[in-house]
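Before these coordinates go any further, I would ask you to read the following note beside the structure. It is set out as numbered points that can be checked one at a time.

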Amino acid sequence: MIATNYVSWADDPKWDKNTTIPGTNYYYQNNDGKQLLFWKDEKEKLELGLEYTGEKSLPKEELIKIAKSIKAEGKQLD
């Protein structure tokens, strides 16, 4: 799990509108067997990412369930 308060460039490939999972605010990529899911937590002003590597790919719906179970809260570090 990756969480950062670093804001990506608008043209960062992870935010490519073509990678959006329809009907969601999640961005999905599969690069050489590595499944990546990205989303933004506007309340906490964080960009989050989930990286999964395993013998079998997980369905996108399962990755979204995992992402939704993550509670992004805390104190921003300076």
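The points below go from the overall fold and the confidence to the aromatic rings, the charged pairs and a few polar contacts.

1. **Model and confidence.** This is a predicted model, and the confidence should be kept in mind throughout. The mean pLDDT of the protein is 82, with 78% of its residues reaching 70 or more. Among the elements, helix α1 (residues 60-69) has the highest mean pLDDT, at 94, whereas β1 has the lowest, at 49.

2. **Overall make-up.** The secondary structure comes to 1 helix and 4 strands, and from the N terminus on the elements run β-β-β-β-α. Of the 78 residues in the protein, 28% are buried.

3. **The β2-β3 hairpin.** Strands β2 and β3 run antiparallel and are joined by 5 bridges. Together they form a hairpin with 2 residues between them, and in that turn Asp32 has a positive phi of about 50°. Within this pairing, Tyr27 has Phe38 in β3 as its bridge partner, and both of these residues return in the aromatic cluster of points 4 and 5.

4. **Trp15 and Tyr27.** A search of the whole structure finds 3 aromatic pairs. One of them is formed by Trp15 and Tyr27, an edge-to-face pair with 5.1 Å centre to centre and 85° between the planes. Why does this pair tie together parts that are 12 residues apart in sequence? Trp15 lies in the loop between β1 (2-4) and β2 (27-31), and Tyr27 in strand β2, so the contact joins the loop to the strand across that separation.

5. **Trp15 and Phe38.** Trp15 counts as buried because its relative accessibility is 10%, below the 20% cut-off that applies to buried residues. The centres of the rings of Trp15 and Phe38 are 6.1 Å apart and their planes stand at 65°, so this pair is edge-to-face; the angle required for that class is over 60 degrees. Here the link runs from the loop between β1 and β2, where Trp15 lies, to Phe38 in strand β3 (residues 34-41), with the two positions 23 residues apart in the numbering sense of being 23 residues apart. Both Trp15 and Phe38 are buried, and Trp15, Tyr27 and Phe38 form one aromatic cluster.

6. **A charge over the indole.** Lys40 lies over the face of Trp15, at 4.6 Å from the ring centre. Trp15 therefore deserves to be viewed with Lys40 as well as with its ring partners, given that Trp15 is buried at 10% relative accessibility.7. **Glu47 and Lys14.** The search of the whole structure finds 2 salt bridges. In one of them Glu47 pairs with Lys14, the closest N and O atoms being 3.9 Å apart. This pair links distant parts of the chain, with Glu47 in strand β4 (residues 46-53) and Lys14 in the loop between β1 and β2, 33 residues apart. Are these two residues buried or exposed? Both Glu47 and Lys14 are buried.

8. **Lys34 and Glu51.** Lys34 forms a salt bridge with Glu51, and the closest N and O atoms are again given as 3.9 Å apart. Lys34 lies in strand β3 and Glu51 in strand β4, so the pair ties together parts that are 17 residues apart in sequence. Lys34 is partly exposed, with a relative accessible area of 34%, and Glu51 is likewise partly exposed, with a relative accessible area of 42%. A reader who examines the two salt bridges should note that the cut-off for such a pair is 4 Å.

9. **Asp16 in the loop.** Asp16 lies in the loop between β1 and β2 and counts as partly exposed, at 32% relative accessibility. Its side chain reaches the backbone nitrogen of Asn18 at 2.9 Å. The C-alpha atoms of Asp16 and Tyr27 are separated by 7.7 Å, although these residues are 11 residues apart along the chain.

10. **Gln29 in β2.** Gln29 has its place in strand β2 and is buried, with a relative accessible area of 15%. The side chain of Gln29 makes a polar contact, at 3.3 Å, with the side chain of Asn31.

Notes. Residues are numbered from 1 along each chain as its sequence is written. This is a predicted model: local features need pLDDT of at least 70, side-chain atom pairs count only at pLDDT 80 or more; totals for chains, interfaces and linings use all residues. Side-chain values use heavy atoms; hydrogens and water are left out. Rings of Phe, Tyr and Trp (its six-membered ring) pair if their centres lie within 6.5 Å; planes under 30 degrees apart count as stacked, over 60 as edge-to-face and the rest as tilted. Buried means under 20% relative accessible area, exposed over 50%, partly exposed in between (1.4 Å probe, protein chains only). A charge sits over a ring if NZ of Lys or CZ of Arg is within 6 Å of the ring centre and within 35 degrees of the ring normal. A salt bridge is a side-chain nitrogen of Lys or Arg within 4 Å of a carboxyl oxygen of Asp or Glu. pLDDT is the predictor's confidence in each residue, from 0 to 100. A polar contact is a pair of N or O atoms within 3.5 Å; within protein, one must be able to donate a hydrogen and the other to accept it, and residues adjacent in sequence count only if both atoms are side-chain atoms. Two strands pair if DSSP finds at least two bridges between them.
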